[in-house]
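Thanks for coming. I will go through one structure today, starting with a single residue and ending with the protein as a whole. Please have the sequence and the model open.

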Amino acid sequence: MPNRHLTYRYSKPYSARGALYVLLVVLSVVFTMATALSVADFLKILFGEGDGAAVATGNLVAEGLERLYRWLIGFGRLQALLLFSGIIFVLYSLKNVFGYLAAAEIGILRTRIVRDLRNDLFHKAMRLPVAYYDRHRKGDVLARFGSDMVEYDENILGSVQMLLTAVVSLVLYLAMLLYLNVKLTGFVLCMLPLVAGVVAGLSRRLKRKSQTVQEMNSQLVSMTDEAIGGLKVIKAYTTIDFSNKRFQAYNRDYTRRRTAMFRRIYAASPISDFLGNVIVVGILLFGSLLIMRGDHGLTADLFISYVMMFVLMIPPAKDLSTALAQMKKGRACEERVAAFLAEEEEVYGRPARERKQARAAEGPLVELRHVTFGYTPEVPVLQDISLSVPHGSTVALVGASGSGKSTLADLIGRYYDIAGGELLFGGVPVDQWPLEELRSRIGVVAQDTLLFNDSVAANIAFGRPEATRAEIEAAARAAQAHDFISALPQGYDTNLGEGGSLLSGGQRQRISIARALLREPELLILDEATSALDTESERQLQQTLDEVLRDRTAIVIAHRLSTVVGADRIVVLEQGRIVEEGTHSQLMALGGRYSHLVALQTIG
Ligand code: ADP
Ligand code: MG
């Protein structure tokens, strides 16, 4: 699977930090071992043993400790105890200092990796075609950024950290154990496969469980999102109880599966703990037997050190099994994230040769020849559409809602690819345009305005952040927005608040128009730009639009026919087909669909 190395890819830039982390862990473990070994000596002082000749074990650690012991005891017993406490205190502090530095280091590493990943996710989300969001739930996509990032950090990065620490510690402890006594350690090593086998068995089924749990979690988010989005409808239909019950049933099921998953995770630790204790008892027995048999490799002191060292090994061994289990749990999440990052993006760049060709083109600005399109192959939405928009003219699209007007407009900006026919912009097929260049030549004003929580100026300059204040003002004047903007408390610097809540619908639309005009688009698309407004605001905005549309090339989609009367050409769509076209007077004289629509609206 190509996504397998997501974590490897994202941690690679930080390999130097990773190495530093390992070094700090090594230091911390070394000082832990030193502390443990010293404690054995401490006990010897306390019990006043070892006055006799040292047993020659040929073991450097044992001899070093013995030498230290003799040196200390030379000061007298009480002094030796005090000195010794001091030594242990220092060793222990050093262990903690390095432990802290290691933790700080890995903290930086983890947060940076998650930061990089989150940036790439956002970048991806922006570059995915709009069609992706037709096919996927919003809750699913949001989960990549929310719960998945938390889970990735905890289960994957957390486990990698734990695994790294555990492996480094275990290797060091094991090396020390081997050095202290080979026979005993051989005995320990024989027991290890048993532990490993049990742990592997435990974690095997975790991944699948965790996958289901995560899928249910994003479903929960989606349900909540839907319910809050449709709260007014839920209240209006007095279906709060019904919604609650549905949610609770789902939540119950989700919780049940989650509990089952955690039971499995939590079982890993006590089971390996238990196995660790079994081995400790085994060592005690085996070691005591060796000593009683007078095995010269092992003295009672050394044995105490050995057991202490072994006990120190149990927590990292436990961590190792926990980390493996957690990693299994997190794999599903990692795969989801990797799959999202591997989704196919819109293709933005194209060779420069084609770009030149695009600029040189003649003829109508937009031309559709027998275009067909469907969001899914089975359901055609547009069929055999032929249409041209000459430079400087206004073409109006009218027709019932669902007849395919917005879809047609979306095809020109290539938000979707046509299924058949030809669609030319500036004489060049749209799929040969660099996507961003194509879109930069088209200004769209739709029914719903998208305003950001930022200043008026920044909202207008959204498509051209480098625009000067004079240019912004000129665009605002053209959209007849200058007067009301100037009347705002801080003029162009007034913050619009969430979703532009400060402004009326008509004012918001004027900002949208100014934003579109600032880009000086070759083609202006107005998709029901006035539909959300009340009649009076609509009438006022219409005057602005008439002004804006003069000398511009535009496609105007309108529900209310009064707004399209002045168009150079009116195209009537019905169920994805062009059924009539001509000027207002031609179509009225024809007495067909259009005149029928006009008659309906005049009465209504
Ligand atoms: P209009 O703008 O004329 O009201 P649309 O172009 O929005 O019509 O829609 C035309 C048809 O395509 C409708 O049947 C609509 O349900 C369908 N449609 C619109 N957008 C999508 C989409 N993103 N995914 C699937 N079907 C869609
Ligand atoms: Mg529409």
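**A walk through the model**

Let me start at Pro380, which touches Phe373 and Gly374 if we set aside residues up to four places away in sequence. Before going on, note that this is a predicted model. Pro380 is in the loop between β1, residues 366-373, and β2, residues 382-389. Is Pro380 buried, exposed, or partly exposed? Pro380 has a relative accessible area of 47%, so it is classed as partly exposed, because that class lies between the 20% and 50% cut-offs. Now look along the sequence from this loop. Pro380 and Gln575 are 195 residues apart in sequence, but the distance from C-alpha to C-alpha is 9.3 Å.

Next is Ile570. This residue is in strand β9, which covers residues 569-574. Its relative accessible area is 0%, so Ile570 is buried. The list of contacts for Ile570, not counting residues up to four places away in sequence, includes Ala396, Val398, Val564, Leu587 and Tyr594. Also on that list are Glu580, Glu581, Gly582, Thr583 and His584. Again there is a partner far along the chain: Ile570 and Leu397 are 173 residues apart in sequence and 6.1 Å apart in space, C-alpha to C-alpha.

Distance in sequence can also go with distance in space. How far apart in space are Tyr132 and Gly282, C-alpha to C-alpha? They are 60 Å apart, with their positions 150 residues apart in sequence. Tyr132 itself is in helix α5, residues 130-135. With a relative accessibility of 6%, Tyr132 is counted as buried. Apart from neighbours within four places in sequence, Tyr132 is in contact with Val141, Phe340 and Glu343.

Now to some side-chain contacts. Please find Thr544, in helix α20, which runs over residues 535-549. What does the side chain of Thr544 make a polar contact with? The partner is the side chain of Arg510, at 2.6 Å. Thr544 counts as buried, because its relative accessibility is 0%. Leaving out residues up to four places away in sequence, Thr544 touches Ala478, Ala479, Gln480 and Arg510.

One of those residues, Gln480, is worth a stop. Gln480 is in the loop between α17, residues 469-478, and α18. Its phi is near 50°, which is a positive value in a residue other than glycine. Gln480 has a relative accessible area of 40%, so it is partly exposed.

A second residue with this feature is Asp551. Phi of Asp551 is near 70°, again positive and again in a residue other than glycine. Where is Asp551? It is in the loop between α20 and β8, the strand at residues 553-557. Asp551 counts as exposed, because its relative accessibility is 70% and the cut-off for exposed is over 50%.

Back to α18, the helix of residues 482-486, where we find His482. The relative accessible area of His482 is 14%, so this residue is buried; the cut-off is under 20%. The side chain of His482 makes a polar contact with the side chain of Tyr492, at 2.8 Å. If we leave aside neighbours within four places in sequence, the contacts of His482 are Glu473, Ala476, Arg477 and Tyr492.

That is the residue tour, and now the whole protein. The protein has 22 helices and ten strands. Of its 604 residues, 43% count as buried. What radius of gyration would a compact globule of 604 residues have? The figure would be near 25 Å, but the protein has 37 Å. The C-alpha trace spans about 125 × 55 × 50 Å along the principal axes of the protein.

On contacts, take those between residues at least 6 apart in sequence: 78% of them join residues at least 24 apart. On the surface, the protein exposes about 30,900 Å², and carbon and sulfur atoms supply 59% of that area. Last, the charges: there are 65 positive and 62 negative ones, and their mean positions are 8 Å apart.

To go back to where we began, Pro380 is in the loop between β1 and β2, and Gln575 is 9.3 Å from it, C-alpha to C-alpha. That is all from me.

Note on methods. Residues are numbered from 1 along each chain as its sequence is written. Chains are lettered from A and ligands numbered from 1 in the order in which they are written. This is a predicted model: local features need pLDDT of at least 70, side-chain atom pairs count only at pLDDT 80 or more; totals for chains, interfaces and linings use all residues. Side-chain values use heavy atoms; hydrogens and water are left out. Helices (H or I, at least four residues) and strands (E, at least two) are DSSP runs, numbered from the N terminus. The radius of gyration is taken over C-alpha atoms; the globule rule is 2.2 Å times the number of residues to the power 0.38. Buried means under 20% relative accessible area, exposed over 50%, partly exposed in between (1.4 Å probe, protein chains only). Contact means heavy atoms within 4.5 Å. Accessible areas come from the Shrake-Rupley method with a 1.4 Å probe; for residues, only the protein chains shown count as cover. Lys and Arg count as positive and Asp and Glu as negative; His and the chain ends are not counted. The place of a charge is taken as NZ of Lys, CZ of Arg, CG of Asp or CD of Glu. A polar contact is a pair of N or O atoms within 3.5 Å; within protein, one must be able to donate a hydrogen and the other to accept it, and residues adjacent in sequence count only if both atoms are side-chain atoms.
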